[in-house]
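Q: I would like to take a close look at a single part of this structure and then follow what surrounds it. Please go slowly, as I am new to reading models of this kind.

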Amino acid sequence: MDKSNLSATRRNVVAGTLTLAAAAAAVAAQPVAAASKKKPQAATGGEHFYVTSNDGTQIFYKDWGPKDAQPIVFHHGWPLSGDDWDNQMLFFLSKGYRVIAHDRRGHGRSAQVSEGHDMDHYAADVAAVVEHLDLHNAIHVGHSTGGGEAAHYTARHGKGRVAKLVLIGAVPPIMVKTPENPGGLPIEVFDGIRAALAANRSQFYYDLAGGAFYGFNREGVQPVDAIIKNWWRQGMAGGANAHYLGVKAFSETDFTEDLKIIDVPTLVLHGDDDQVVPVADSAELSAKLLKNATLKIYKGYPHGMATTHADVINADILAFVQA
């Protein structure tokens with residue numbers, strides 16, 4: 001892993017926000033009668049909003065950029081939030097695109113509900129956001145669990161709305177070892193994740209981000225503390241129950257039929273040193289099942305390569321989007 005690539009992740013972009021005092025003053029300035037006639041607003045401030053999914057779950061999303069520009073919808077990995085796409089959202093915003101990222105149910109700022117932590121509900125929640133924003137000709141980009149979600153959404157809800165699909169270190173076709181998927185990871189691996197999460201998820205998240213997720217456990221790779229802490233921050237913002245149940249969703253869902261249905265151009269990106277989602281049983285198989293896939297494997301790149309090698313990944317996605 002090049003130090004030059006990692007150094008790019010240290011740059012911070014500071015965005016201005018409204019202060020609470022200013023917001024309070026604005027509300028106070030409105031006549032009571034006029035305020036009572038206004039429809040309830042879903043926005044929490046700025047361009048951060050909520051939408052209600054079909055089962056009543058509040059899903060948080062952010063929507064930046066010109067509303068008439070081509071939209072790019074980002075699907076985050078487990079157990080993170082839409083904030084994991086900050087680099088990509090700012091990059092594609094600067095290129096003139098409209099960028100949208102949501103927090104999966106039970107993750108980030110979305111409602112910490114008890115039910116629905118499965119791919120069918122995840123995809124339906126995305127559909128609620130897309131329909132609310134009336135997005136068409138959209139590019140959907142999914143990482144890891146988000147790659148499964150993006151594929152499931154595209155196959156089940158995306159007809160006529162999705163233009164292209166990008167899968168980065170994605171979990172399809174299926175992660176767990178089964179008679180039909182002998183190259184998968186044993187169920188004991190995922191049982192171990194659940195056990196570690198239940199015992200001390202704070203420590204588990206810190207260790208995962210500081211090790212295999214970004215390849216910081218590899219010889220000669222210098223861990224970046226800010227990246228580790230940002231990963232931990234996102235994970236701890238979500239609900240423990242959603243993350244626990246989500247392990248089954250990302251590891252045991254079989255996306256084979258979804259991949260066979262998808263006919264939009266799909267870019268499949270994966271690092272050959274992905275220690276979380278091994279490339280041979282994921283990207284290489286997915287590319288064979290998809291009707292119109294382009295597969296690109298990066299030598300030495302880790303699971304979290306969209307962060308550690310954002311400059312390379314962003315450029316490759318942009319070239320695909322513009323092709």
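With which side chain does the side chain of Asp274 make a polar contact?

A: The model is a predicted one, and in it the side chain of Asp274 makes a polar contact with the side chain of His270, at 3.2 Å. To place this residue along the chain, look for the loop between strand 7 (266-271) and helix 11 (283-289), which is where Asp274 is found. If residues up to four places away in sequence are left aside, Asp274 touches Gly169, Tyr301, Pro302 and His303. Asp274 is buried, and yet it has no salt bridge. The nearest side chain of opposite charge belongs to Arg218, and it is 8.9 Å away, whereas a salt bridge would need a nitrogen and an oxygen within 4 Å.

Salt bridges do occur elsewhere in the model, where the count comes to 19. One of them joins Lys62 and Asp83, whose closest N and O atoms are 2.5 Å apart. Lys62 lies in strand 2 (residues 58-64), while Asp83 lies in the loop between strand 3 (71-75) and helix 4 (86-94), so this pair ties together parts that are 21 residues apart in sequence. Asp83 also meets the side chain of Arg233 in a salt bridge, with 3.3 Å from N to O. Because Arg233 belongs to helix 8 (residues 225-237) and Asp83 to the loop between strand 3 and helix 4, this second pair ties together parts that are 150 residues apart in sequence. As for their surroundings, Lys62 is buried, with a relative accessible area of 3%, and Asp83 also counts as buried, at 10% relative accessibility, whereas Arg233 is partly exposed, with a relative accessible area of 38%.

A salt bridge within a single helix offers another case to study. Glu252 and Lys248 form a salt bridge in which the closest N and O atoms are 3.0 Å apart. These two residues are four residues apart in helix 9 (residues 240-252), which means that about one helical turn separates them. Glu252 is partly exposed, with a relative accessible area of 31%, and Lys248 counts as partly exposed too, at 48% relative accessibility. Elsewhere, salt bridges that share partners join Lys62, Asp83, Asp86, Asp103, Arg109 and Arg233 into one network.

Burial can also be followed along a whole strand, and strand 5 (residues 138-143) is a clear place to do so. Six of the six residues of strand 5 are buried, so this strand is largely enclosed by the rest of the structure. In a regular strand the side chains alternate between the two faces of the sheet. Here both faces are covered, with Ala138, His140 and Gly142 buried on one side and Ile139, Val141 and His143 buried on the other. Strand 5 pairs with strand 3 in the parallel sense over four bridges, and within this pairing Val73 stands opposite His140. Strand 5 is also joined to strand 6 (residues 162-168) by six bridges, and these two strands run parallel as well; the bridge partner of Ala138 in strand 6 is Val162. Between strand 5 and strand 6 the chain passes through helix 6 (residues 145-157), making a β-α-β crossover that is right-handed.

Methods
Residues are numbered from 1 along each chain as its sequence is written. This is a predicted model: local features need pLDDT of at least 70, side-chain atom pairs count only at pLDDT 80 or more; totals for chains, interfaces and linings use all residues. Side-chain values use heavy atoms; hydrogens and water are left out. Buried means under 20% relative accessible area, exposed over 50%, partly exposed in between (1.4 Å probe, protein chains only). Two strands pair if DSSP finds at least two bridges between them. A crossover is right-handed if, with the strands pointing away from the viewer, the path from the first strand over the helix to the second runs clockwise. Lys and Arg count as positive and Asp and Glu as negative; His and the chain ends are not counted. A polar contact is a pair of N or O atoms within 3.5 Å; within protein, one must be able to donate a hydrogen and the other to accept it, and residues adjacent in sequence count only if both atoms are side-chain atoms. Contact means heavy atoms within 4.5 Å.
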